[in-house]
Amino acid sequence: MADSSLTREFFQGPITSLAFFHDAEYLLAGEDAHLTLYDLQTGHALRVGSVRVFSAQPIHGIRLLGSGRVLAWGAAQIAVVSNIEGLIGNTTDTQVIVKKAAAPDWIYDIAPSPYDDTSAVLATAHNEVVHLHLNGDDAPVVGSIVSPSRPILYAARLKWLDQDTVLMAGGTIFGEILVWRCYVSESRSELLAILNGHEGSIFGVDISEELPCQNGTRLRLIASCSDDRTVRIWNITGQDGSHDKHDFAAPRETGFGSKAGLDDGPRAEELRPVATIMGHLSRIWGIKFAQLTEGETLPESPLSLYSFGEDSTSQRWQLNLDISPEKVSGSLKHIDTYAVHDGKHLWAHAVVNKGDQTLIATGGADSKISLITQPASLTPAASVSTHELLGLGFDEIAATLPNLRTLKSVRGKEIFSRYDFISDDRMIVTTNWGRLLLGTFRPTLEWREIELEDELNVEFQTCYTLQTIGDGAAILGTTSGKLYYFSESQGVKVLGSVSGKIFNISILSSSVGSLTELIVHIHGTSDSQYFSIDWCTGAVVATADIRGIDKRFVAISAARFRKDLIAIGSRHGFLALLRQTGNEFRPILDFRFNTRDAITGLVPLPTTDGQEAPLYFLATSRDTKYRIYEIEDLGDEVRLHLQHEVAAPSGADIEGGWFTQDESPELVLYGFKSKNFIVWNETRREEIASVDCGGAHRTFTLAHDPINHNRVRFGYTRATKLYIFSQHSPIHRPLRYGTHGREIRGLSASGRYIATGAEDTTVRIWEYEDEQCGTKNSGGLRCVASTKLHISGLQKVHWVGDDYLLSSAGFEEFFVWSVRRLDSPYKGLGILCEAVLEDKSPAADLRIMDFDACKVGNGSITITMVLSNSTLKTYRYTPGEGFHLLARMSYTGACLTQVRHLGVDENGLSALTASTDGHLTTWEVSFGGEVASHALVQVAPVHQSSIKCLDLKPTPEGFLVLTGGDDNGLGITTLVPMSDESDKRQYTNYSRGIVRKAHAAAINGLVLVQRGGETFGITVSNDQRVKVWRVQVNNVKLVADSYSGVADPGDIAVIGESDCEKVNVVLGGVGAEVWSW
């Protein structure tokens, strides 16, 4: 059987290289061995096409050549890829051509000559510069090798100085940067400088262009980043090697932090860094200069740099220089941090200026590609930004209003009090002196005072709440109980009054037609007042008292769920449901949430018109969690059923949320985290905006565009000033969505859904869609649920039916998750942690290595698990009752690694375990009134060392067992019952065999599948091969073998139902792949 029948349908792994293409209209990405093209133009399909460059080698770098060609490399392999435009045009007549060659060593950088299309140089890991001859579309020809010395490098960068000269900067393991010049035609090297000072290995270097100075001179700088978490800038201008010659290999001080360069003489000072700064939370992998824009010169214009780190963030730095004839000095300042990836490691980056903007592309170990857009210039107002932050004091606005009325002063100076955005371009503001101001964005903010009668000015001094109720209309509530309406056309008029201080107004429903419903909450009582208002005219259509709610209730939010059903949320985690009959509101349910924190927002889930569907609502809270409940309306009573409860990954105290008005609605949440206000797209798992506002406990308001949820406007008070943050477009745009930010360790599939558990402690559920024929961006894995409750890396996840997911990890963590599909246009799944296993060892420091589970009898689940101290435990989990220990036993000193049920009923079970001593063991136990002990039936050696994975399938005689081991072997064992009696659960092995060297490394995952009436095993290994074996009792034969782009695979699972024609499997590790066979 040919390898071609084993096909990789989908890949999502680390992004290892990026390069802008075609005037930054496109982006090239190295995705494993494939070169993928993305369209960056707004409104276009993102992923254009892909071509395989290497057979089994990730692409580590991409450089552009002329005539639509690119040069790609990975490890010690080089390839010229021609006719990239063939992917853009999607034409079949222009075929992408790949021509490959081998380099003499591992490659760190390649620099095509800007002077000669047929010439390029590459830098190797041993400080060598190798000349490449490029002849059209042919494979590159390796030429001469030049090196002054051969230390081991961790980073290198090349820059052509003229037609024959190349500047080389290499960062060594011991923290040195070797700067030397290579004369290509002469195959000669000239040492320029050895830069010392880093206290860790050099992971990234960059050489600037010649930077113009105001005095007419030019500067050449080097930037470096290191294991010591510092970014350093070095001036190498004028380093021409004309000083006394030094022997590169002569004895000198080396090692981290050595202070001297080539000598301790007069050159030592000029070889010290110009500027140094510490950044990132861990190692820094890359550094890149941004170009100066046209007309900018040093030192008047600061220079931008971007660094990329192990902490999965990219950071922007500002370099300010002081240039004098004697020396160049400077300082680095942190400007911004872009945290748009999950987990660890940004492996790839590209930076380019386009017009007045800088485009920064980043690729991470989470397989995500993000495009960040920033102003190219650091000079204020020099370029158009994606967002603006405006800080306003009342005195500043008063100075722009010559006809400002003089008011009777109250205690203290006049400052802003309450405000809201009443339309896309207008906002209304009150002051503590009772003044009313209207601001208009044109696009700069222009203000005018709303003329009020004196008694209204006095009344507005006590304005406590202000809410927009329609386009250009707002409602104001005062502590004297008065309610006022404002619109530009109508001015200000009294709506009514309530008996008490108004401390909050909740909008029940957004304006339908011209009506807006709202509830006015009164301080010191649980009573409220209902109003229905025509927001166009300010006419009160209806009003009603809301009475009978618990007196301890402090209302903070409200929403209408249905024509006759409204809900009010309290400051202390309670919910009151009220039935509306005509103009009367009757409390029908007081409900306690799983929190004592405030219920900050209530939002009904989107519904499909004309369909009878369950009623769901979203509740947000300041305990960082959001919840989705289903309402069961029985007429006389109403019940709430929790369907979803997770903490948002942003970690913010959630102040509210909304659903986008798309065909497939997305959930957007907002709230405070530390000193920042964060707007977060929970469906896409990405940050929309983040504003340093000083933290919670302040007056604020938020407005968003109903069509484009990336357009937001946030107003807040800080130190008596009003700040307005306006975002017109997102700072970053994902070109490709990622998976986990760390290695996937557990996989389990149930129908269309795939559950994954990873080292990043999160459990995610994905929906896999096959790529539609002819549709470029269809198909792939789409995350439908994610939760982070474990505190250690996941070990295993396992579906039990379609409605339960079990997960295990370190510290004896074992969770039962309830999973529900929501009958709503909102495509997210409902997931909540239904139970946690509390039965732990005294230290609670063991790892649950594996478990098996199945439903029995009355809906309970029987779970058998093995722990890292060789203990075997069996529990019965019953929803609503929890866990009950049925049996336990200890194995030998070898650690148990795998467990599978061979047969389970309500009275007992039989099980199979595997261990680190390479043995398979069968067990049986009968359940009684007390905790029983598993009885060991038989132990059989199969592997030489640890068994890492196991799968089995029933046969007419018993079971066929396939095992993969640390010894690279593939074991096959048959189990048969020791007795034909149905109540006997003892199994023994009937035959054993092993395929030695089945892989070149440990086998980490395997699965047994049926196809065409035959049994096959699919295995994955640390050697990054996927293999298919025909499995018969006495014969195992390799039938397919392919390279896998997933390093360190952790598990493999079958997707969907395997049929006679095609089997789909998903494997996870550092990334994920879907294979069909």
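## A tour by way of salt bridges and strands

Start by selecting Asp 425, Arg 426, Arg 448, Asp 471 and Glu 488: a network of salt bridges links these residues. Keep in mind as you click around that this is a predicted model.

Zoom in on one pair from that network. Arg 426 and Asp 471 meet through their side chains in a salt bridge, with N to O at 3.8 Å. Arg 426 belongs to strand β33 (residues 426-431), while Asp 471 sits in the loop between β36 (463-470) and β37 (473-478), so the pair ties together parts 45 residues apart in sequence. Now switch on a surface: are these two partners buried or exposed? Arg 426 has a relative accessible area of 18%, so it counts as buried. Asp 471, at 53% relative accessibility, counts as exposed.

If you want to colour by confidence, this is a good moment. The chain's mean pLDDT is 89, and 93% of its residues reach 70 or more. Select residues 260-266 to see a stretch with pLDDT below 50; beyond near neighbours in sequence, this stretch has 13 contacts in the model.

Next, colour by domain. The domain assignment gives domain 1 (14-102), domain 2 (106-184), domain 3 (197-242 + 268-375), domain 4 (390-546) and domain 5 (947-1076). Pick domain 2 and domain 5 together: how far apart do their C-alpha centres lie? The answer is 47 Å.

Now go to Thr 313, in the loop between β25 (303-309) and β26 (314-323). At 9% relative accessibility, Thr 313 is buried. Show the side chain of Asp 311 as well, since there is something to look at: a polar contact of 2.9 Å joins the side chains of Thr 313 and Asp 311. Which residues does Thr 313 touch once its neighbours within four places in sequence are left aside? They are His 280, Ser 307, Phe 308, Thr 337, Tyr 338, Ala 339 and Leu 346. For a sense of scale, draw a line from Thr 313 to Arg 992: these residues are 679 apart along the chain, and their C-alpha atoms are separated by 51 Å.

Move on to strand β41 (residues 515-522). Of its 8 residues, 7 are buried, so the strand is largely enclosed by the rest of the structure. Add strand β42 (residues 528-534), which pairs with β41 in the antiparallel sense over 7 bridges. Pick out Leu 518 and you'll find Phe 531 of β42 standing opposite. Then follow the hairpin round: there are 5 residues between the strands, and Gly 524 takes a positive phi near 85 degrees.

Two more salt bridges are worth a click, out of a count of 48. Select Arg 782 and Glu 767, whose side chains meet at 2.5 Å, N to O. Arg 782 is in strand β63 (residues 780-787) and Glu 767 in strand β62 (residues 763-769), so you're looking at a link between parts of the chain 15 residues apart. Glu 767 is buried, with a relative accessible area of 5%, whereas Arg 782 is partly exposed at 30%.

Finish at Glu 1014 and Arg 1030, a salt bridge whose closest N and O atoms are 3.1 Å apart. Glu 1014 lies in strand β81 (residues 1014-1021) and Arg 1030 in strand β82 (residues 1025-1032), so this pair ties together parts 16 residues apart in sequence. Glu 1014 itself counts as partly exposed, at 30% relative accessibility.

Notes:
Residues numbered from 1 in each chain as written. Predicted model: local features only at pLDDT ≥ 70, side-chain atom pairs only at ≥ 80, totals over all residues. Heavy atoms only, no water. pLDDT = per-residue confidence, 0-100. Contact = heavy atoms within 4.5 Å. Buried < 20%, exposed > 50% of the residue type's maximum accessible area, 1.4 Å probe, protein only. Helix = DSSP H or I, 4+ residues; strand = E, 2+ residues; numbered from the N terminus. Pairing = 2+ DSSP bridges. Polar contact = N/O pair within 3.5 Å; in protein donor to acceptor, adjacent residues only side chain to side chain. Domains from an automatic or database assignment. Salt bridge = Lys/Arg side-chain N within 4 Å of Asp/Glu carboxyl O.
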